[in-house]
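Student: I'd like to learn how to read a protein structure. Could you walk me through a few features?
Tutor: Sure, have a look at this one and ask away.

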Amino acid sequence: MRNAKRLNRRMFLRQSGAAVAGGLFVLPAMSRLEGASMHSMEKGFEQGLIGTWYGDPDLSRLKGRSVLSSLDNDWSDNEEKGSTWSARWHGYIEAPYSGEVTFVMRAANGGTLKIDGKELIDGWDKTGVHRRMMKMEKGRKYPIEITYNRSRGKSHLRLSWSWPGEELHIIPEKAVFHAPVVSSDIKHVVVASKRGRYYGWPANNGLWTWDGGKEILVGLTDGPHNKEGGFHDIGEPQLSRLARSMDGGYTWKSYDPDNYVGDGKEPEPSPGGIHFGHKDFAMRVAATGYHGTSDSKGRFFISYDRGKTWTGPYRFNGLNEDENLDDVQITARTEYLVTGPMSAQIFMAARRRGIPNHTRRDKPFMVETRDGGKTFQFVAWIAPWADNPEEEECYRAVMPSTVRTSKGTLITAARRRNPFDGDQHCWVDSYISHDNGRSWSFRSEVGLTGLDNGNPPALALLSDGRLACCYGNRTLRQLIVRFSEDQAATWGEEIVIRDQPLSHDFGYPQLTQNADGDMVAMYYIATKERTHSYIEAAIWTP
């Protein structure tokens with residue numbers, strides 16, 4: 001059972017990018033930027049530390065972004081934050097001296113200091129002066145993280161340093177800096193947009209690439225724009241469309257394919273003989289629990305001409321009879337890996353029947369076919385089942401996004417939510433399998449996705465071996481990407497690739513790397529300029 005203190009600690013760890021494995025707290029790996037000169041660091045970087053602040057003193061009730069521009073602060077009369085709040089900031093600090101550097105923190109009511117992944121000062125529950133030394137190398141850039149809380153009385157935070165021959169003084173503003181919230185190097189292009197229509201949810205509708213990422217096909221939901229639609233400004237009917245790019249994501253054309261999801265044809269048993277390894281193959285999975293689809297048994301369509309024409313829908317022969325899926329509804333999106341000419345692994349999710357929608361608690365699982373789709377076998381749950389609301393295993397885990405990093409090693413990112421606590425922020429977890437999907441274990445927490453049911457992740461394997469995970473934070477109203485260099489054990493800093501949507505109703509990304517090596521993230525968004533939801537792509541060099 002998780003008590004409140006543990007919940008807050010876990011929430012803090014999700015923000016810090018730390019992995020939680022076997023009860024051990026594993027701090028993020030060093031940034032790839034470490035060791036760069038001050039000249040190169042200043043280029044494209046901004047002064048101060050970046051972070052988030054919270055409405056409660058225990059790093060809960062997320063309020064928004066915050067920049068700590070000075071390390072000499074007095075917030076005693078700050079009306080915006082009030083008398084109880086907390087914050088976490090991170091970035092880089094340039095060492096002033098080679099040798100022992102003394103750091104002194106003065107915090108009311110409390111704070112912590114981490115440099116290079118090491119906790120130098122833990123004064124979270126202790127108002128006063130805290131002092132600690134660290135050996136540094138002059139000119140080197142070290143990751144830094146500061147947390148602070150105010151629960152009563154005066155409010156101040158001051159961080160000073162000294163070294164042999166230099167008296168104690170406030171750390172100057174020019175010594176700390178952070179990556180920009182939104183990089184100026186990111187290009188945003190319109191994928192699909194039509195006045196009066198609501199285009200949304202690429203994560204629900206599939207992503208396919210060919211020719212090394214030169215040709216990209218992404219799915220989307222299409223419905224009438226209805227300002228009275230509720231949480232989503234969409235009316236009925238809700239259709240399924242596709243958008244295609246032939247130049248790596250820079251230009252797009254959308255279309256409504258024939259004999260596709262939502263066209264009314266009843267599913268038939270899969271005929272088998274499916275050539276998953278065909279060079280122009282595409283598969284589209286549909287089920288229940290999301291926009292424009294309602295089939296609790298699950299169905300699929302196939303194409304051998306890159307999504308221009310489709311056949312189906314077909315049933316997953318034998319899958320629904322598996323005892324593991326007794327009395328559940330299939331809530332799968334489109335996520336699969338081709339494993340051979342006639343074989344594939346398909347990543348799905350399911351939920352118990354009869355559970356109210358607001359407490360839904362789907363769980364992801366893997367399916368396999370080795371006979372060209374004649375039969376489909378349940379392989380394993382990715383996240384374990386539990387029916388006790390006090391256990392985290394009972395929380396929702398859905399919309400798996402999966403990559404194969406090496407032979408037999410699979411990594412999945414999944415959307416997480418505590419359906420019993422509407423004030424807890426949703427998040428993304430990753431899971432790993434070292435035996436080709438036969439068994440899975442928790443890997444790390446990737447990041448927070450905010451309130452309002454959160455956002456699903458999109459996971460991609462880069463040509464240089466890194467992983468990238470993209471997700472939206474509906475509370476901060478930002479689309480975020482993080483990179484991992486150690487197979488999802490730890491994650492680097494959050495990089496915001498899109499912000500300032502018109503509302504919380506945005507995100508649901510798909511992510512890929514194109515033929516030029518650039519990242520392409522596709523998501524839905526509405527802005528002040530385009531008040532109806534549309535599909536956009538962010539393109540940048542990783």
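Student: Let's start with a loop: where does Gly82 sit?
Tutor: To place a residue, look for the elements on either side of it. This is a predicted model, and in it Gly82 lies in the loop that links β6 (72-74) with β7 (85-94).

Student: Is Gly82 buried, partly exposed or exposed?
Tutor: Buried is under 20% relative accessible area and exposed is over 50%. Gly82 has 25% relative accessibility, so it counts as partly exposed.

Student: How far is Gly82 from Ser151 in space?
Tutor: Here you compare the chain with the fold. Gly82 and Ser151 are 69 residues apart along the chain, and 9.8 Å separates their C-alpha atoms.

Student: Now a strand. How many residues of β8 are buried?
Tutor: Go along the strand and check each residue. In β8 (residues 99-108), eight of the 10 are buried, which means the rest of the structure largely encloses this strand.

Student: What does β8 pair with, and how many bridges join it to β11?
Tutor: Look to both partners, one at a time. With β11 (residues 128-136), β8 runs antiparallel, and nine bridges join the two. One of the residues to find is Arg106, whose bridge partner in β11 is Val129. With β13 (residues 156-163), β8 is again antiparallel, joined by seven bridges. There, Ala107 has Leu157 as its bridge partner.

Student: And where do side chains point in a strand?
Tutor: In a regular strand they alternate between the two faces of the sheet.

Student: Which residues does Arg197 touch?
Tutor: Place it before you list its neighbours. Arg197 is in strand β17 (residues 197-200), and its 22% relative accessibility is why it counts as partly exposed. Leaving aside residues up to four places away in sequence, Arg197 touches Asp222, Gly223, Pro224, His225, His532 and Ser533. With Asp222 there's a polar contact too, side chain to side chain, at 2.9 Å. Asn226 is 29 residues from Arg197 in sequence, with 8.4 Å between their C-alpha atoms.

Student: Last one: what is the strand order in the open sheet of four strands?
Tutor: Read across the sheet, strand by strand. The order is β22-β25-β24-β23, and the pairing is mixed. At the edges are β22 (268-269) and β23 (282-286), each pairing on one side only. Strands β24 (residues 299-303) and β25 (residues 311-315) pair antiparallel over two bridges, and Ile302 stands opposite Thr311 in β25.

Terms used
Residues numbered from 1 in each chain as written. Predicted model: local features only at pLDDT ≥ 70, side-chain atom pairs only at ≥ 80, totals over all residues. Heavy atoms only, no water. Buried < 20%, exposed > 50% of the residue type's maximum accessible area, 1.4 Å probe, protein only. Pairing = 2+ DSSP bridges. Contact = heavy atoms within 4.5 Å. Polar contact = N/O pair within 3.5 Å; in protein donor to acceptor, adjacent residues only side chain to side chain.
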